[in-house]
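Please look at the sequence and the structure shown below, and then follow the description, which moves from one surface to the next.

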2 protein chains.
Amino acid sequence: MRTDSRLSRMLHVLLHMARHDRPYTSEQIAGMLQTNAVVVRRTMAGLRANGYVQSVTGQGGGWKIACDLNRTTLLDIHRAVGGRHIFAIGLDNANPSCAVERVVNSAVADALSRAERLLISRLGEVTLAELAEQFDATCRAELKQ
Amino acid sequence: MRTDSRLSRMLHVLLHMARHDRPYTSEQIAGMLQTNAVVVRRTMAGLRANGYVQSVTGQGGGWKIACDLNRTTLLDIHRAVGGRHIFAIGLDNANPSCAVERVVNSAVADALSRAERLLISRLGEVTLAELAEQFDATCRAELKQ
DNA sequence: CAGATCGTAACAATTGAAGTTGCAATATCT
DNA sequence: AGATATTGCAACTTCAATTGTTACGATCTG
């Protein structure tokens, strides 16, 4: 399976928008992401539905960021893009009649859910503002050189 | 993406084999897993290559477990089946030229790798013997009822 | 030798994200 | 009002990886 890159892509776009006053068109964003404008609209639609960005139609229109960077976490964006599966591995049968399989399922599900909880809690700890600040720090460091 | 169920399936088979003296044929195993014998052979080939099971061709042949349940962990089986991706989500571009994207990548990769380390360490903590003991305990509990 | 069984190649089915095409709707500019 | 830029969206196709299937050869047992 191809890995779901929607979270990474949207974070990339949001950080660009955070340092840009005018709206970006879908074509411009597609250029950043090296993809198609329709893919951009489709993916951004989830962010718009949750109020993280706004779109304006017509000439001069495009996409603007619409959230507080300090109050928006990577988890918010993950949820907004609608990623369903976190893991590429899973159980064979969710409701097995075989007792052996039930034991296996509970062991594997336990390991997966521990990892999922850690991932979710980590995504919830990091704000867009922190990423933007890291970017600024990188730029300052490069200027000094 | 369909989730990779090879780990669950192979654990299921190994636990059955641990409580069974004679070899199971691929057809019998396919019956347990509700799949095809060729899928069984293909998946079990990884276990055989790593010495966790043995196969015997010809009449009366089949598959037998060939490892010490106390020394074999879920992680060993995970690796033996050759699952490549743990996560269904990932980075958009592994080597971005854009500084914004590099910041995003490091944040997402950090969260994913923390979760991956936890999953791997958890899988490495659980042995097949512990699962077999859980199964036996379940059976004892059901008998008492 | 007959039959059971694994080994393996080759290809189809499935699933979900990503990519593409086409066109309607809407906003701006002249 | 008309031309142009832009989003909105439906309806496909493509892609990648597991899973499923068919076919046939190799090997072992009786």
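In this predicted model, the contact between the two protein chains takes 44 residues from chain A and 44 residues from chain B. On the side of chain A that touches chain B, the elements that give two or more residues are helix H1 (6–18), helix H5 (99–125) and helix H6 (128–144) of chain A, and among these H5(A) gives the most, with 16 residues.

A second surface lies near DNA strand C, which is surrounded by 32 residues; the closest are Thr35(A), Val38(A) and Gly58(A) from chain A, together with Ser26(B) and Gln59(B) from chain B. Two or more residues of this surface come from helix H3 (37–49) of chain A, and likewise from helix H2 (26–33), helix H3 (37–49) and strand E2 (62–65) of chain B, while the largest share, 5 residues, is that of H3(B).

The table sets out the residue classes of both surfaces.

| Surface | Nonpolar | Polar | Charged |
|---|---|---|---|
| Side of chain A that touches chain B | 27 residues | 11 residues | 6 residues |
| Surface near DNA strand C | 7 residues | 17 residues | 8 residues |

One further feature concerns the backbone. Most residues other than glycine have a negative phi. Gln34(A), however, is not a glycine and has a positive phi of about 55°, and Gln34(B) likewise has a positive phi, near 55°. Gln34(A) lies in the loop between helix H2 (26–33) and H3 of chain A, and Gln34(B) lies in the loop between H2 and H3 of chain B.

Are these residues buried or exposed? Gln34(A) counts as exposed because it has 10 C-beta neighbours inside 10 Å, and Gln34(B) counts as exposed because it, too, has 10 C-beta neighbours inside 10 Å, where the cut-off for exposed is 12 or fewer.

Methods
Residues numbered from 1 in each chain as written. Chains lettered and ligands numbered in written order. Predicted model: local features only at pLDDT ≥ 70, side-chain atom pairs only at ≥ 80, totals over all residues. Contact = placed C-beta atoms within 7 Å. Helix = DSSP H or I, 4+ residues; strand = E, 2+ residues; numbered from the N terminus. Nonpolar A, V, L, I, M, F, W, Y, C, P; charged D, E, K, R; others polar. Near = placed C-beta within 6 Å. Buried ≥ 20, exposed ≤ 12 C-beta atoms within 10 Å, placed from the backbone.
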